[in-house]
Every structure is written in C-alpha cells, then in structure tokens.
Amino acid sequence: RDLYEIDEKTMLIVATDRLSAFDVILPEPIPGKGEILTQISNFWFAKLAHIMPNHFTGQSVYDVLPESEARAVEKRAVVAKRLTPVKIEAIVRGYLAGSGWKEYQKTGTVCGIPLPAGLHEAEKLPQVLFTPSTKAEVGGHDENISFAECERLIGAELAAQVRDKAVALYTDCLLYTSDAADALYTEAAAYAETRGIIICDTKFEFGLDDNGTLTLMDEVLTPDSSRFWPQDQYRVGISPPSFDKQFVRDWLEQSGWNKQPPAPKVPEDVLAKTVAKYREALNVLTR
C-alpha cells in the first residue's frame, strides 16, 4: 500500500499490485491485485464493524481528489483515519499449518505455546491461538514473540485489548469441552464457511485514535493477510490448496531462493494462477 497525507486527521491508502513474500517485495506486480484486496477488505470492515471501530472516515475518494484522479483509484483506495499504529501484528490461528506446523513437528509447540501430542498437519487446533509478532522495519523480518514480550512492548492493558479483539474478530464465542475440542467460530470464520471457505489463520493490525480507542486498520481477512482453504478439499493430514499467496510462497520455497532480497523472477503462469485465486476468493466471499 502507498500512503498519502490528506490532512492531520486523514490519509489516502492506495493498494498497489505489488506482492511481498517472506518480507521481500517481488519484482513483478500482480495485475488487479490491489483492486481485489481493497474490495475484500472493504467487505470485511463493514461486516465486522459491530465488533470494533475501523479506520474508515465515511469519505469517498471523490471527496478528497479531483474527479479524474479519484476515478483512477476508486477501486483500490480508501480515505482512512490517521492512527498511531500498535507495534505488533495480531496473528490468530485456528488450524495447524505453515510455520506453526513446522515448529510443532520439532518441538510440539506453536510460537512457544505447548500443544497436545499427536496432532496432524491442517488439523483444527484444540483452541484458537493468539500468536503476536513484531512489526519489522523496512527490509527486516517479522519475528514471533510470546504474549509476555507483547505486554513488554506495548503494555499489559493494550496487549490484552489487542488479544481479545483479535480473537473476537476471528472467534465469536469459544465453547470448550473437557478435552478442549469444540469451538464456535467467529462471525468471519462462520460466514466464510457458509461460502465454502475455511479461514485457517489471519493477521490483524490495529491503531489508536486521538482518544486512545483501539481501531482496526490496514487490511482485513484478505488473501495477503490470511490463509483461506476450500472446504470441499479440506483433509486432515495434507496441506489443502489455498485461495491466497501460498501458491507463490510454495514456488519460492521450491526455487532454492535464500529469502534475502532481491527475490527471483516469478514465472507468468504462477502470477496468473495467483491472481485467479485472489479473484475466486473475492467472488466466493462477496457474491
């Protein structure tokens, strides 16, 4: 995203077609990606507004830009409140996948949180996990941190607010049996499942307004910030195909790249399949 100052209270957020993976921006853009992600985010911001405030001001791009410029960015830009970012990323995990699965195989933990033995790849976790990470400076890498470290970075009270809101956005109400096996999903996860999508995990970002109110910002439940699985292809024990940029990540993992800039050139067919997955997620979620 590119950010432009409007005034001391508001800014213009423009979602570009750039794609990052492993904290490195890839050399080739994905045509249409910015428009698709903006539409998905806007859908979720509206759907989750009853849980907490978000960065929308209520203004349109036509309120702040000349008509010709507004028309050029109307599908990829929003007018947002200027907020003080909370310096962590709020990651919520409902299933055992990705880096969490790799760690679990070695240590029986996910982000240092002990889990029962005998879980399998892609298995639903006994409980939803809040696993914060640092927000890296430009060129750096995000790092998973413990909740205690999260409290140290942003304060215990704010850390608890971030954790509770992140889980509430993902999880409406958790009902555990004695073996912690059951969970009712959030409005987001429950809604996605009615559309045939499982939200494996996701990342939320928050800021504070002038009154210190915790506010949802940046993007919400997009293929860039979440792992979406098609429900009809979900099987415990295998990594399901996804609607997100995992397709690109998988290619990069297999390419031999050392995950340091510059990233290798991604083949055209991989880019085309990625944008097709993004567009499919938009159509399925918002139809």
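Helix H4 has three buried residues: Gly100, Trp101 and Tyr104. Seen down the axis of H4, they fall within an arc of 100 degrees, so they line one face of the helix. The model is predicted. The points below start with H4 and then move to other parts of the chain.

**Helix H4 and its surroundings**

- The buried residues of H4 pack against S7 and strand S8 (109–110).
- The face of H4 turned away from the buried side carries the exposed residues Gln105, Lys106 and Thr107.
- Just after H4 comes Gly108, with a positive phi of about 75 degrees.
- Ala97 sits in the loop between S7 and helix H4 (98–107).
- Is Ala97 buried or exposed? Ala97 has a relative accessible area of 6%. The cut-off for buried is under 20%, so Ala97 counts as buried.
- Setting aside residues up to four places away in sequence, Ala97 touches Cys200, Arg227 and Trp229.
- Ala97 and Phe56 are 41 residues apart in sequence. In space, their C-alpha atoms are 32 Å apart.

**Nonpolar cores**

- The largest nonpolar core has 62 residues.
- Which residues have the most contacts inside this core? They are Trp44, Val162, Phe204 and Phe206.
- Helix H9 (residues 268–286) gives the largest share of this core, eight residues.
- Another core, of nine residues, lies apart from the largest one. Among its members are Leu96, Tyr104, Cys111 and Leu115.
- Tyr104 is also one of the buried residues of H4.
- Trp44 is in contact with Ala188, Tyr191, Val220, Leu221 and Leu285, leaving aside neighbours within four places in sequence.

**Helix H8**

- Helix H8 (residues 246–255) has Gln246, Val248 and Leu252 as its buried residues.
- Where do these residues point? Seen down the axis of H8, they fall within an arc of 155 degrees, so they line one face of the helix.
- The cover over the buried residues of H8 includes strand S3 (20–21), S14 and H9.
- Gly256 follows just after H8 and takes a positive phi of about 90 degrees.

**Buried charged residues**

- Arg93 belongs to strand S7 (residues 88–95).
- Arg93 is buried but has no salt bridge.
- How far away is the nearest side chain of opposite charge? That side chain is Asp201, 4.6 Å from Arg93. A salt bridge must be within 4 Å, so Asp201 does not form one with Arg93.
- Arg93 does have a polar contact: its side chain meets that of Thr131 at 2.9 Å.
- Asp224 lies in the loop between strand S13 (214–217) and strand S14 (226–230).
- Asp224 is buried, with a relative accessible area of 14%.
- The side chains of Asp224 and Lys33 are joined by a polar contact of 3.0 Å.
- Not counting residues up to four places away in sequence, Asp224 touches Leu19, Lys33, Leu37, Glu219, Lys245 and Tyr278.

**Unusual backbone geometry**

- Most residues other than glycine have a negative phi, and most peptide bonds are trans. The next points go against that pattern.
- Ala122 has a positive phi, near 70 degrees, and is not a glycine.
- Ala122 lies in the loop between strand S9 (113–114) and strand S10 (124–130).
- Ala122 counts as buried because its relative accessibility is 0%.
- Lys259 also has a positive phi, near 65 degrees, and is a residue other than glycine.
- Lys259 is in the loop between H8 and H9.
- Is Lys259 buried or partly exposed? At 27% relative accessibility, Lys259 counts as partly exposed.
- Pro261 and Pro262 are joined by a cis peptide bond, with omega about 0 degrees.
- Pro262 is found in the loop between H8 and H9.

How values were computed: Residues numbered from 1 in each chain as written. Predicted model: local features only at pLDDT ≥ 70, side-chain atom pairs only at ≥ 80, totals over all residues. Heavy atoms only, no water. Helix = DSSP H or I, 4+ residues; strand = E, 2+ residues; numbered from the N terminus. Buried < 20%, exposed > 50% of the residue type's maximum accessible area, 1.4 Å probe, protein only. Lys, Arg positive; Asp, Glu negative; His and termini not counted. Polar contact = N/O pair within 3.5 Å; in protein donor to acceptor, adjacent residues only side chain to side chain. Contact = heavy atoms within 4.5 Å. Core = buried A, V, L, I, M, F, W, Y, C linked by side-chain atoms within 4.5 Å. Arc of directions from axis to C-beta.
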